[in-house]
Amino acid sequence: MSDEEGIVNTENTEGTEESEMGDGTFGGVAPRRASAIFGGMERRDFVKLCAAASAGATLPAPADAATLKARLYKRARLVDARGEPFKAESLKVGVNYVFDYPFASTPCFLLRLAGPAAGGVDLRTEGGGTYRWEGGVGPGRAVVAYSAICAHKLTYPTRQVSFIGYRDAPSPVAGNGKVITCCSDRSVYDPAAGARVVAGPAPQPLATILLEHDAATDGLAAVGTFGGEMFDAFFRKFGFRLQLELGDRAKAAVEERAVVRELSTYSAQWAQC
Ligand code: FES
């Protein structure tokens, strides 16, 4: 598949395999053409992408041909439980929010950090792919989003319980806090640095979720991912469970809107460590 077709990375799926569909789609979802995204963005000069490197930048730009590129999915505006557009300013600092993206069964963390996430962090996936995380969006560049699927053994927040989440407070596992901890095997990720691995067995950072921020409305939208996705492995490992829970919707693309909830309401229990 060419860059023109929107999917540009073949190295960021370590532990995973190529498209299950074998036809250039992922789980039956055709990624949006990059050109379509760029066209829309030209009309929305207020938009900043989470990984935009500098003024005028649109998508994370690889430093060279060997580095990873962004993977674009369908655009989904972030909304609250009533369907109203979610305002970045309404995010509470230190609270763990969750939304499903880019598939109906793949949760992501949405966080407003205490300070700016300036970016410029060079990261590496388990397979050796490199990419530069360019920071947060929204108020104070403090809003960030990551896939909530642990890069170690794919622990993720279910409706019943979550063993992974953002922990603001100190703990023996979280150290001084303000990190994402996975209590399954105690991997720790730094959300202010592209979810790089701080401790534990995780072999790579959590995948970044690319966000758009509309400065005029303070709205947010998810548009893609960056870094080491785990979705193929996730569907292979949990496909039976997901099918029971969600039926054929499990692999459905999230489009148009994604509902943001606090983790405390997304999962009935949250095991913190
Ligand atoms: S599954 Fe998260 S640390 Fe092992």
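A residue counts as buried if 20 or more other C-beta atoms lie within 10 Å of its own. That definition is needed for strand β4, where Pro107, Phe109 and Leu111 on one side and Cys108, Leu110 and Arg112 on the other are all buried. Both faces of β4 are therefore covered, and with six of its six residues (107-112) buried, the strand is largely enclosed by the rest of the structure.

The model is predicted, and confidence in it varies along the chain. The mean pLDDT of the protein chain is 81, and 76% of its residues reach 70 or more. Over residues 1-58, however, pLDDT stays under 50, although the model has 102 contacts beyond four places in sequence for this stretch. Where pLDDT is low, the predicted coordinates should not be read in detail.

Which strands pair with β4? One is β3 (residues 97-100), which runs antiparallel to β4 and is joined to it by four bridges. A hairpin of six residues links β3 to β4. Within this pair, Tyr97 stands opposite Leu110 of β4. Another partner is β7 (residues 143-147), paired with β4 in the antiparallel sense over five bridges. Here Leu110 stands opposite Ala145 in β7. Leu110 of β4 thus appears in both pairings, facing Tyr97 and Ala145.

The next topic is the nonpolar core. The largest one contains 66 residues, and Cys108, Phe109, Tyr146 and Ala222 touch the most other members. The largest share of this core, five residues, comes from strand β14 (residues 219-226). What does Ala222 touch, leaving aside residues up to four places away in sequence? Its contacts are Ala76, Leu78, Tyr101, Ala145, Ile209, Leu210, Leu211 and Ala258. Ala145 in this list is the residue of β7 that stands opposite Leu110.

A further part of the model is an open sheet of four strands, in the order β9-β10-β11-β12, with antiparallel pairing. Why do β9 (164-167) and β12 (196-199) each have one side without a neighbour in the sheet? They stand at the edges, each with a single partner strand, so one side of each is left without a neighbour. Neighbouring strands of this sheet are turned by 35 degrees against each other on average, direction ignored. At the β9 edge, four bridges join β9 to β10 (residues 179-182), and the two run antiparallel. One bridge in this pair places Gly165 with Thr181 in β10.

Definitions and conventions:
Residues numbered from 1 in each chain as written. Predicted model: local features only at pLDDT ≥ 70, side-chain atom pairs only at ≥ 80, totals over all residues. Core = buried A, V, L, I, M, F, W, Y, C linked by C-beta atoms within 7 Å. Buried ≥ 20, exposed ≤ 12 C-beta atoms within 10 Å, placed from the backbone. Contact = placed C-beta atoms within 7 Å. Pairing = 2+ DSSP bridges. pLDDT = per-residue confidence, 0-100. Axes fitted to C-alpha atoms, helices over the stretch in contact; angles between N-to-C directions.
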